[in-house]
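Open your viewer and keep the selection panel at hand. The tour goes one selection at a time.

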There are 2 protein chains.
Amino acid sequence: MTDERALRADARRNRARVLEVAAEVFATEGLSVPVHEIARRAGVGTGTVSRHFPTKEDLLTAIMSSRLVKLTEEADEIARREAPGTAFFALFTALVREGASDCGLAELAGTDRRLDALGERAGADLCGRLQSLLAAAQQAGDVRADVGYLDVRALMSACMSRREDPLEPILGVVIDGLRGGTSG
Amino acid sequence: MTDERALRADARRNRARVLEVAAEVFATEGLSVPVHEIARRAGVGTGTVSRHFPTKEDLLTAIMSSRLVKLTEEADEIARREAPGTAFFALFTALVREGASDCGLAELAGTDRRLDALGERAGADLCGRLQSLLAAAQQAGDVRADVGYLDVRALMSACMSRREDPLEPILGVVIDGLRGGTSG
DNA sequence: CTAGAATCGGGATGGTCATCCCGCTTGTTC
DNA sequence: GAACAAGCGGGATGACCATCCCGATTCTAG
């Protein structure tokens, strides 16, 4: 933040361009795209990428964490405004839509530990919100009591994997199912 | 089959041992385990593995296809005996349980194309049965009409990913959800 | 415009893996 | 039990990547 001033103008430009290209590439082609390829498309050398982001993970964190923070704020906003059940399903749906439109995020959300570990706390914060809202929704009887957080994560990931295909059917199935047959 | 006689006795033994070890290893640790490691655990050289199975994919096919054939027969059996809706959910559940107890199979089922492409037809046959039963169940009004085969695959994969954890909750969610709220 | 530091590019390095190859060993046959 | 083919082991090869490094370049201060 404060040392952004310390970067030479061209360096700052390159850094921004790498971030932009990487976000685009990860979103459309997933996380397995080589760093080399990102550098190529950004029109810089691989050295430039790895100086700004020593590790691929660092690059990923730089891209995702602001996004996760935003989603976390959104989650808090929803939690404040809505009843527990409504809030949980609203967050679930929002996360699914976010992941469905971003291949990289969906991959991240797919393997449990990966998302939670991202950034200093960004990933863990967001996951915590989902977990809290789940608990609250179950408390309120709006979500079946027997499902666990990891069940929800697995179902979320399944929905995300449908990508740009119509999400309504699978979201419908999962949300109905989570509500349980009894509360109608 | 017929050329099994043509193998020298020790070669046949080695081949069997490799198959056995690979099945175990893939099941418990997933498909990313190096061939090298399978050879090591089987107590043979890597050359021995790749002579019997020139490609890792060949090894995988040898392990899985008999299993897939058995599941396909089971599917036919179920389809013959049960009403469409019952049959579909029974197959779905059976596949989930199978995948949940075998990390490798779950991985295979996770990426759409991978399972269908396995073996000469083994994978495609099984997938075809699932697809047919889905259609029949939808025809009979036992499964929501708006879900597609790929939605079912995604949900199946999500259930499998819960591994040895209790499957009832997530299976309950998915099956209830697939039935839809209307048909009671 | 010039010196000097910050950056750059992309080749070098090191690690992981599947697959191939070949000199050596072992089973099989007569 | 000898000869020979079948099979063995594991090192060699080649692909693919992330990450590191350093001589060459470009920015910026003065």
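Start by selecting chain A. Of its 184 residues, 46% are buried. Keep in mind that this is a predicted model.

Colour chain A by secondary structure. Ten helices appear, and zero strands. Trace the chain from the N terminus: the elements read α-α-α-α-α-α-α-α-α-α.

Next, show just the C-alpha atoms of chain A. Along the principal axes, they fill a box of roughly 60 × 35 × 25 Å.

Now turn on contacts within chain A. Take those between residues at least 6 apart in sequence: 69% of them link residues at least 24 apart.

Switch to a surface view of chain A. About 9,100 Å² is exposed, and 50% of that comes from carbon and sulfur atoms.

Colour by charge. Chain A carries 24 positive and 28 negative charges. How far apart are the mean positions of the positive and negative charges? They lie 5 Å apart.

Bring in chain B. What turn lays chain B on chain A? A turn of 180° does so, with a shift of 0.0 Å along the axis and an RMSD of 0.0 Å. That is how a two-fold axis relates copies.

Select B:G177. Among the residues of chain B, its C-alpha comes closest to the rotation axis, at 2.0 Å.

Finish at the interface. Select the interface residues of chain B, then look up their counterparts in chain A. 100% of them are interface residues in chain A too, so the copies meet through the same surface.

Terms used:
Residues are numbered from 1 along each chain as its sequence is written. Chains are lettered from A and ligands numbered from 1 in the order in which they are written. This is a predicted model: local features need pLDDT of at least 70, side-chain atom pairs count only at pLDDT 80 or more; totals for chains, interfaces and linings use all residues. Side-chain values use heavy atoms; hydrogens and water are left out. Helices (H or I, at least four residues) and strands (E, at least two) are DSSP runs, numbered from the N terminus. Buried means under 20% relative accessible area, exposed over 50%, partly exposed in between (1.4 Å probe, protein chains only). Contact means heavy atoms within 4.5 Å. Accessible areas come from the Shrake-Rupley method with a 1.4 Å probe; for residues, only the protein chains shown count as cover. Lys and Arg count as positive and Asp and Glu as negative; His and the chain ends are not counted. The place of a charge is taken as NZ of Lys, CZ of Arg, CG of Asp or CD of Glu. Copies are superposed by least squares on the C-alpha atoms of residues with pLDDT of at least 70 in both.
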